[in-house]
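Please open the model in your viewer and keep the sequence panel beside it. The tour goes from one selection to the next, and at each stop the text says what is there.

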Amino acid sequence: MEFATLEREIHIDASPEVVFEVVSSPEHVREWWPDEADYPAVAGGSGRIVFGQGTADPKVVQITVIEVEPPRLFSFRWTHPVGEPAATANSLLVTFELVPTGTGTTLKLTETGFRERGLELAVAEAEYRDHANGWDFFLPRLGPYVEKLVAR
């Protein structure tokens with residue numbers, strides 16, 4: 001296995017417009033993914049997300065928004081060192097592609113860049129597996145959150 005591209009696909013019973021808001025807007029993102037999210041959801045916008053907020057050792061991760069094409073595409077780079085601009089050689093690229101389906105939206109997640117950063121194979125593999133496990137945990141939380149949002 002190359003540990004280069006991570007792909008996931010889920011169906012959500014809501015329009016692409018609603019799903020786009022939920023994957024791009026920090027106020028919604030923090031409800032299903034990190035504990036905190038603070039960034040402008042515009043191309044070039046940068047900020048941070050926080051995992052484990054309120055713990056002794058929270059993980060603060062820099063994020064830079066790359067593409068914003070409502071309601072079909074939202075992408076960002078993350079994991080680059082604080083203070084450094086996001087680039088292929090220092091970050092991972094996450095893309096949410098939203099495709100309308102008969103009963104809602106198919107969300108296609110792609111995360112790339114594990115090998116492009118020049119990490120040793122074992123390190124790239126461990127990071128890939130960590131992110132795969134993370135997306136496997138967090139993506140299933142999207143549907144129930146959208147259901148609650150739409151029911152309001």
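A residue counts as buried when its relative accessible area is under 20%, as exposed when that area is over 50%, and as partly exposed in between. Keep in mind throughout that this is a predicted model.

**Stop 1: the whole chain**

Begin with the entire protein chain selected and coloured by secondary structure, which comes to four helices and seven strands. If you follow the chain along its sequence, these elements appear in the pattern β-α-α-β-β-β-β-β-β-α-α. The C-alpha atoms fill a box of roughly 45 × 35 × 30 Å when this is taken along the principal axes. The radius of gyration of the protein chain is 15 Å, and this agrees with the value near 15 Å that a compact globule of 152 residues would have.

Now switch on the surface, which comes to about 7800 Å² of accessible area, with 52% of it belonging to carbon and sulfur atoms. Of the 152 residues, 43% count as buried. If you colour by charge, you will find 13 positive and 24 negative charges, whose mean positions are 2 Å apart. Among the contacts with a sequence separation of 6 or more, 48% are between residues 24 or more positions apart.

**Stop 2: Thr 79**

Select Thr 79, which is found in the loop between S5 and strand S6 (92-101). Is Thr 79 buried, exposed or partly exposed? Thr 79 is partly exposed, because its relative accessible area is 24%, which falls between the limits of 20% and 50%. Look also at the backbone here, since Thr 79 has a positive phi of about 75° although it is not a glycine.

**Stop 3: Gln 62**

Move next to Gln 62 in strand S4, which runs over residues 59-69. Gln 62 counts as buried, because its relative accessibility is 15%. Show the side chain of Gln 62 and follow it to two backbone atoms: the nitrogen of Val 82, which it reaches at 3.5 Å, and the oxygen of Glu 84, which it reaches at 3.2 Å. When residues up to four places away in sequence are not counted, the residues that Gln 62 touches include Gly 47, Arg 48, Trp 78 and Pro 81, and Thr 79 from the previous stop is also one of them.

**Stop 4: Thr 64**

Stay in strand S4 and select Thr 64. With a relative accessible area of 14%, Thr 64 is buried. Add His 80 to the selection, and you can find the polar contact of 3.1 Å that joins the side chains of Thr 64 and His 80. With residues up to four places away in sequence left out, Thr 64 touches His 80 and also, among others, Gly 44, Ser 46, Phe 76 and Ala 86.

**Stop 5: Pro 70 and Pro 71**

Go along the chain to Pro 71, which lies in the loop between S4 and strand S5 (73-78). Zoom in on the peptide bond joining Pro 70 and Pro 71, which is cis, with an omega of about -10°.

**Stop 6: Gly 104 and Thr 112 in strand S7**

Select strand S7, made up of residues 104-112, and pick out Gly 104. Gly 104 is buried, with a relative accessible area of 12%. Its contacts, not counting residues up to four places away in sequence, are with His 11, Ile 12, Asp 13, Ala 14, Pro 16 and Val 99. Measure from Gly 104 to Glu 17, and you should find their C-alpha atoms separated by 10 Å, although these residues are 87 residues apart along the chain.

Then select Thr 112, which is also found in strand S7. Thr 112 counts as partly exposed, at 22% relative accessibility. Between Thr 112 and Arg 77 there are 9.5 Å from C-alpha to C-alpha, while the two are 35 residues apart in sequence. Leaving aside its neighbours within four places in sequence, Thr 112 is in contact with Ala 4, Thr 5, Leu 92 and Leu 93.

**Stop 7: Ser 24**

Finish in helix H1 (residues 16-24) by selecting Ser 24. Ser 24 is buried, with a relative accessible area of 4%. Once its neighbours within four places in sequence are left aside, Ser 24 is in contact with Val 29, Tyr 39, Ala 41 and Phe 74. As a last distance, the C-alpha atoms of Ser 24 and Glu 116 are separated by 25 Å, and these two residues are 92 residues apart along the chain.

Terms used:
Residues are numbered from 1 along each chain as its sequence is written. This is a predicted model: local features need pLDDT of at least 70, side-chain atom pairs count only at pLDDT 80 or more; totals for chains, interfaces and linings use all residues. Side-chain values use heavy atoms; hydrogens and water are left out. Helices (H or I, at least four residues) and strands (E, at least two) are DSSP runs, numbered from the N terminus. Buried means under 20% relative accessible area, exposed over 50%, partly exposed in between (1.4 Å probe, protein chains only). A polar contact is a pair of N or O atoms within 3.5 Å; within protein, one must be able to donate a hydrogen and the other to accept it, and residues adjacent in sequence count only if both atoms are side-chain atoms. Contact means heavy atoms within 4.5 Å. The radius of gyration is taken over C-alpha atoms; the globule rule is 2.2 Å times the number of residues to the power 0.38. Accessible areas come from the Shrake-Rupley method with a 1.4 Å probe; for residues, only the protein chains shown count as cover. Lys and Arg count as positive and Asp and Glu as negative; His and the chain ends are not counted. The place of a charge is taken as NZ of Lys, CZ of Arg, CG of Asp or CD of Glu.
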